[in-house]
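Colleague: I should like to learn how to read helix packing and residue environments in a model of this kind. Could we take the features one at a time?

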Amino acid sequence: MKDAYTNAFYGIIRETQDTHGYELPQHLEAYIVMLLAYHVDRPNFEPTSSFAEQYLQLNSRMNAKTLGDTCLFVTGVFPNYRKMKRSYYQSIGIGSYNSMSGELFEQLATHFNFLGDFIDLSLRSSKRELNNLFR
């Protein structure tokens, strides 16, 4: 992951928090920044089979994290992805994170819808050049 991407997304996330009065816990802020920076150079982020099939076949912690992260990415960056309702990806993402143990994943599941909305808001409202990076 390139430091320039991480720094740019950190700036965008901080700008959104400052502009809109949100204050994300530091660990969720860092997770979102890393999630966005990770996907910049990865145009093939879709699962090999459908999202629902991947969810039904979750068999490891890594698969659940990857699917949850992909759903959060899609929900935040492409809210109208493939003409599916956003709730489809939200449900799969929440379920994926809920299948994992640990406080971070519990918080990601609990605040999944807000975090997706926050990512969307950040990319739409940013005054930086990166606001159309994924669109």
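Modeller: Certainly. Please keep in mind that this is a predicted model. A pair of helices may be read from the approach of the axes, the angle and the handedness. The axes of helix 5 and helix 7 (residues 112–125) come within 10 Å, and they cross at roughly 125°.

Colleague: Which orientation do helix 5 and helix 7 have to each other?

Modeller: They are oblique, because an angle of roughly 125° falls neither over 145 degrees, the range for roughly antiparallel, nor within 65 to 115 degrees, the range for roughly perpendicular. The crossing of this pair is right-handed.

Colleague: Which residues of helix 5 and helix 7 meet?

Modeller: Helix 5 contributes R86, Y89, Q90, G93, I94 and Y97, and these meet F112, N113, G116, D117 and D120 of helix 7. By class, the contact of helix 5 with helix 7 divides into four nonpolar, four polar and three charged residues.

Colleague: At what angle do helix 5 and helix 6 cross?

Modeller: The axes of helix 5 (residues 86–98) and helix 6 (residues 103–110) cross at roughly 160° and come within 8 Å. That angle makes helix 5 roughly antiparallel to helix 6, since the cut-off for this class is over 145 degrees. Helix 5 passes helix 6 in a left-handed crossing. On the side of helix 5 the residues are I94, Y97 and N98, which meet F105, L108 and A109 in helix 6. The contact of helix 5 with helix 6 has five nonpolar residues, one polar residue and no charged residues.

Colleague: How do helix 1 and helix 2 cross?

Modeller: The axes of helix 1 and helix 2 (residues 26–39) come within 9 Å, with a crossing angle of roughly 135°. Helix 1 and helix 2 are therefore oblique to each other, and their crossing is right-handed. In helix 1, Y5, T6, F9, Y10, I13, R14 and Q17 meet E29, I32, V33, M34, L36 and A37 of helix 2. Nine nonpolar, two polar and two charged residues make up the contact of helix 1 with helix 2.

Colleague: Let us turn to single residues. Is Q17 buried or exposed?

Modeller: Accessibility is read first, and contacts follow. Q17, which has its place in helix 1 (residues 3–20), is buried, because its relative accessible area of 2% is under the 20% cut-off. A polar atom of the Q17 side chain lies 2.7 Å from the backbone nitrogen of L24. Leaving aside neighbours within four places in sequence, Q17 is in contact with Y22, E23, L24, E29 and F118.

Colleague: What is the environment of F51?

Modeller: F51 lies in helix 3 and counts as buried at 6% relative accessibility. Beyond its neighbours within four places in sequence, F51 is in contact with L67, T70, C71, V74, Y81, Y88, Y89 and I92. The C-alpha atoms of F51 and G93 are separated by 9.3 Å, although these residues are 42 residues apart along the chain.

Colleague: Where does L58 lie?

Modeller: L58 is in the loop between helix 3 (51–56) and helix 4 (61–77). With a relative accessible area of 25%, L58 is partly exposed. Apart from neighbours within four places in sequence, its contacts are N63, A64, L67, S96 and S99. The C-alpha atoms of L58 and S96 are separated by 8.0 Å, and the two residues are 38 residues apart along the chain.

How values were computed: Residues numbered from 1 in each chain as written. Predicted model: local features only at pLDDT ≥ 70, side-chain atom pairs only at ≥ 80, totals over all residues. Heavy atoms only, no water. Axes fitted to C-alpha atoms, helices over the stretch in contact; angles between N-to-C directions. Helix = DSSP H or I, 4+ residues; strand = E, 2+ residues; numbered from the N terminus. Parallel < 35°, antiparallel > 145°, perpendicular 65-115°, else oblique. Left-handed = near helix turned anticlockwise from the far one by under 90°. Contact = heavy atoms within 4.5 Å. Nonpolar A, V, L, I, M, F, W, Y, C, P; charged D, E, K, R; others polar. Buried < 20%, exposed > 50% of the residue type's maximum accessible area, 1.4 Å probe, protein only. Polar contact = N/O pair within 3.5 Å; in protein donor to acceptor, adjacent residues only side chain to side chain.
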